[in-house]
Amino acid sequence: MKLLNVGCGAVFHPDWINLDVAPADSTVRRWDARNGLPFADGELDAVYHSHVLEHLDAHAGRAFLRECARVLRSGGVLRIVVPDLEGIA
């Protein structure tokens, strides 16, 4: 399986492809999600990103979500984590 973690920060798994704009480790690939995703259409089985969307403006966020959908295979999994507004307030 090809699994992608975008914006992984210091929390990543070696079995995943890990991308971050400021890698915390040499095994994490430097990549800015605002530049799309460097994968072919339908190449990945899962895409995960935690606390990435809130760092993008509305236009970049929509473009990023389209990219996530583009690189997922049919039936693939997209898992998104965003801040809990109720918990913050």
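The following legends describe close-up views of a predicted model.

**View 1. The sheet of five strands.**
In this predicted model, 5 strands make up an open sheet with parallel pairing, arranged in the order β3-β2-β1-β4-β5. The edges are formed by β3 (29-30) and β5, each of which pairs on one side only. In a regular strand, side chains alternate between the two faces of the sheet.

**View 2. Strand β4 and its partners.**
Strand β4 (44-50) is joined to β5 by 6 bridges, and these two strands run parallel. In this pairing, L44 is found opposite L72 of β5. Strand β4 also pairs with β1 in the parallel sense, here over 4 bridges, and N5 stands opposite Y48 of β4. Of the 7 residues of β4, 5 are buried, so the strand is largely enclosed by the rest of the structure.

**View 3. Helix α1 along its length.**
Helix α1 covers residues 58-71, which makes 14 residues. At 1.5 Å a residue, a span of 20 Å is expected, and the C-alpha atoms at the two ends are indeed 20 Å apart, so the two values agree. At the start of the helix, a side-chain oxygen of D57 comes to within 3.2 Å of the backbone nitrogen of H59.

**View 4. The two sides of helix α1.**
Which residues of α1 are buried? They are A60, G61, F64, E67, C68 and V71. Viewed down the axis of α1, these buried residues fall within an arc of 120°, and therefore line one face of the helix. An α-helix has 3.6 residues a turn, so residues three or four places apart point the same way. The buried residues of α1 pack against three strands of the sheet, namely β1 (3-6), β4 (44-50) and β5 (72-81). On the other side of the helix, A58, H59 and R66 are exposed.

**View 5. The aromatic pair of W16 and Y48.**
The model contains 1 aromatic pair. It is formed by W16 and Y48 in an edge-to-face arrangement, with 6.5 Å from centre to centre and 75° between the planes. Because W16 belongs to the loop between β1 and β2 (17-20) whereas Y48 belongs to strand β4, the pair ties together parts that are 32 residues apart in sequence. With a relative accessibility of 28%, W16 counts as partly exposed. Y48 is likewise partly exposed, its relative accessible area being 25%.

Methods:
Residues numbered from 1 in each chain as written. Predicted model: local features only at pLDDT ≥ 70, side-chain atom pairs only at ≥ 80, totals over all residues. Heavy atoms only, no water. Expected span 1.5 Å × (residues − 1). Buried < 20%, exposed > 50% of the residue type's maximum accessible area, 1.4 Å probe, protein only. Arc of directions from axis to C-beta. Contact = heavy atoms within 4.5 Å. Polar contact = N/O pair within 3.5 Å; in protein donor to acceptor, adjacent residues only side chain to side chain. Phe/Tyr/Trp six-rings, centres within 6.5 Å; stacked < 30°, edge-to-face > 60°. Pairing = 2+ DSSP bridges.
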